[in-house]
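Let's work through a few exercises on this one together. Have a look at the sequence and the model first, then try each task before reading its solution.

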Amino acid sequence: MVHASNFNKKMLLLATRLANETGMKRLLLSVLEALLSASTRSGLEVESEAITLVRCIIRLVLRMMSEPGADL
C-alpha cells in the first residue's frame with residue numbers, strides 16, 4: 001500500500017482503524033510502522049505525531065509480548 005503510486009496517508013489511517021477494530025495486532029503493528037515512516041519521509045510538521053506513533057508501537061509490542069506463545 002505504501003509503495004502504490006496514488007498513496008495517501010489517509011489510506012494507512014483507515015487500515016489502522018480496521019486492524020484495531022478486528023484485533024489484528026500484527027497488521028496493526030506493520031501499519032503503524034508504515035505510517036511512521038511515511039510521516040518522517042514527508043517531513044513532520046509536528047513532532048508530537050511521531051512521538052504518538054512511537055508510543056503506540058511500543059505499547060502494542062509490549063501487549064503482544066505479554067500474550068501466551070509470544071516467545072514462539
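**Exercise 1.** Does T16 count as buried or exposed, going by its relative accessibility?

*Solution.* Keep in mind that this is a predicted model. Start by placing the residue: T16 sits in helix α1. Next, recall the cut-off: buried means under 20% relative accessible area. T16 has 16% relative accessibility, so T16 counts as buried. Finally, check who is around: leaving out residues up to four places away in sequence, T16 touches L28, V31 and L32.

**Exercise 2.** Work out which side of α1 is the buried one and what sits opposite.

*Solution.* Begin with the length of α1. With 14 residues at 1.5 Å each, the helix should span 20 Å, and its end C-alpha atoms are indeed 20 Å apart. Now list the buried residues of α1: L12, A15, T16 and A19. Around the axis they cover an arc of only 105°, so they lie on the same side of α1. Then turn to the face pointing away from that buried side, where K10, L14, R17 and E21 are exposed. One last detail: just after α1, G23 has a positive phi of about 75°.

**Exercise 3.** Do the same for α3.

*Solution.* Length again comes before faces. The 19 residues of α3 should span 27 Å at 1.5 Å a residue, which agrees with the 27 Å between its end C-alpha atoms. Buried in α3 are A50, L53, I57, L60 and M64. Looking down the axis, these fall within an arc of 95°, so they line one face of the helix. On the other side of α3 you'll find E47, I51, R55, R59 and L62, which are exposed.

**Exercise 4.** Find out how many residues the largest nonpolar core has, and which helices build it.

*Solution.* Take the count to begin with: this core has 16 residues, and L12, L32 and L60 have the most contacts inside it. Then ask where the residues come from: α1 (9–22), α2 (25–42) and α3 (47–65) each supply at least two. The top contributor is α2, with 8 residues. Now zoom in on L32. Setting aside neighbours within four places in sequence, L32 is in contact with T16, L53, C56, I57 and L60. To put this in context, nonpolar side chains tend to be buried together in soluble globular proteins.

How values were computed
Residues numbered from 1 in each chain as written. Predicted model: local features only at pLDDT ≥ 70, side-chain atom pairs only at ≥ 80, totals over all residues. Heavy atoms only, no water. Core = buried A, V, L, I, M, F, W, Y, C linked by side-chain atoms within 4.5 Å. Buried < 20%, exposed > 50% of the residue type's maximum accessible area, 1.4 Å probe, protein only. Helix = DSSP H or I, 4+ residues; strand = E, 2+ residues; numbered from the N terminus. Contact = heavy atoms within 4.5 Å. Expected span 1.5 Å × (residues − 1). Arc of directions from axis to C-beta.
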